[in-house]
Amino acid sequence: MEDSKQFLEENATTYDVESDEKASPENLIYVYSGQAMDMEEVFGFSCVENVEPVIVAGEQGSGKTTLEVMMYWLFLEGRNESLMFSGSVTMKGFWERSKGLMKKAAPVNPTVARTLRTEKKFLHLALCDKDKKRKSLIFADYAGELFDDQECLNELGEFFASVSNVVVTIDGKKLCNYREKTAVISHAKVMLIKMQQAGILSRQTHLYIVCTKYDEVKKSEKKDATMKFIRKSYQFLEDTFSHQVNKMDLWYLYACGIDQIEEKKKMEELLLNFMEKNDEHDQHPIIAEEQMMVKRQMDKFQ
């Protein structure tokens, strides 16, 4: 790292692009800070690299950031088999969210730093599959409260209209509690309606309903009843939204359990799904209004 800094100091000239007349666009190389990106930085990044946005939505504390961070740790700990790590311009962002997972500093129950209430950030993870096909995934790391804000969702939909991959997390721990479980599903339904109104969900979208903290479900004394409730609730959500999206799946994940064979396989399979291009034409022909929306998105990002 020190050698790299010295090389840049000796061989690179820095410019204030806004005010320095000597700065010529063809001579500029943008070096990312490694922090999580904001919307403007994602926009700039998408101009030089094709990106595949993944909207990870859910209520506060439902495991959104944990899921995203553990997808990075899957490669950091070398537990990947089908995919290869191909870089990230937000490594520092992943690292800062991982402090509670460090062996020396971690509490008895490892945790991921909670996303700040008003934070709208994005994490980048580039991967290669066995055919050496590379894909840059951009994960939306928004505070849970922001998914209740229609104005915020409209802004997200303006940039990511008809996104291919949307993940909605439902808290497995709360689903084990009879006083909280109904509210969890009701919140997910309302949030999905708002996302549809914002143009995020469409007939190009693969919608994943992910039951997080699956370890809590498996060790619950009421596991059978909880699993039955989850399946029934998913059926309700599927009946409500499946005709509005291209594809819909239910997943059970214990994101912090990537040291377990079953969990790491599920995590990698989910990432492989994100990398695949949905063939929406097989099931749903695109209507004129959706063609306009796709064209607008292409104008912005490619």
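The legends below describe close-up views of a predicted model.

**View 1. Helix H3 and the residue that follows.**
Helix H3 covers residues 64–76, 13 residues in total. From its first C-alpha to its last, H3 reaches 19 Å, close to the 18 Å expected at 1.5 Å a residue. Most of H3 is covered, with 12 of its 13 residues buried. The buried residues include the aromatic side chains Tyr72, Trp73 and Phe75, and also Lys64 and Glu68. Leu67, Val69, Met70, Met71 and Leu74 are buried too, as are Thr65 and Thr66. Just after H3, Gly78 has a positive phi of about 70°.

**View 2. An aromatic cluster that includes Tyr72 and Phe75.**
Ring pairs join Tyr72, Phe75, Phe85 and Phe94 into a cluster. Tyr72 and Phe75 are among the buried residues of H3.

**View 3. Phe122 and its two aromatic partners.**
In total, the structure holds 10 aromatic pairs. In one of them, the ring centres of Phe122 and Tyr142 are 5.6 Å apart and the planes meet at 70°, so the pair is edge-to-face; the angle is over the 60 degrees that this class requires. Phe122 belongs to strand S3 (residues 120–128) and Tyr142 to strand S4 (residues 134–142), so this pair links distant parts of the chain, 20 residues apart. Phe122 and Tyr142 are both buried. Phe122 also pairs with Phe160: here the centres are 5.7 Å apart and the planes are at 50°, so the pair is tilted. Phe160 lies in the loop between helix H5 (150–159) and S5, and because Phe122 is in S3, the pair ties together parts that are 38 residues apart in sequence. Phe122 counts as buried because its relative accessibility is 1%, under the 20% cut-off. Phe160 is likewise buried, with a relative accessible area of 1%.

**View 4. Strand S6 between S5 and S7.**
Strand S6 spans residues 206–212, and 7 of its 7 residues are buried. In a regular strand, side chains alternate between the two faces of the sheet. On one side of S6 are His206, Tyr208, Val210 and Thr212, and on the other are Leu207, Ile209 and Cys211. Both faces are covered, and the residues on each are all buried. Strand S5 (residues 165–171) pairs with S6 in the parallel sense over 7 bridges. Within this pairing, Thr169 has Val210 of S6 as its bridge partner. S6 also pairs with S7, again in the parallel sense, over 6 bridges. There, Lys247 in S7 is the bridge partner of His206.

**View 5. Leu250 in strand S7.**
Leu250 lies in strand S7, which runs over residues 247–252. Its relative accessibility is 22%, so Leu250 counts as partly exposed; the cut-off for buried is under 20%. Apart from neighbours within four places in sequence, Leu250 is in contact with Ile209, Ile230 and Tyr234. Of these partners, Ile209 is a buried residue of S6. Leu250 and Glu238 are 12 residues apart in sequence, and their C-alpha atoms are 9.4 Å apart in space.

**View 6. Lys181 over the ring of Phe229.**
The charged end of Lys181 sits over the ring of Phe229. The distance from that charged end to the ring centre is 4.7 Å.

How values were computed: Residues numbered from 1 in each chain as written. Predicted model: local features only at pLDDT ≥ 70, side-chain atom pairs only at ≥ 80, totals over all residues. Heavy atoms only, no water. Helix = DSSP H or I, 4+ residues; strand = E, 2+ residues; numbered from the N terminus. Expected span 1.5 Å × (residues − 1). Buried < 20%, exposed > 50% of the residue type's maximum accessible area, 1.4 Å probe, protein only. Contact = heavy atoms within 4.5 Å. Pairing = 2+ DSSP bridges. Phe/Tyr/Trp six-rings, centres within 6.5 Å; stacked < 30°, edge-to-face > 60°. Lys NZ or Arg CZ within 6 Å of the ring centre and 35° of its normal.
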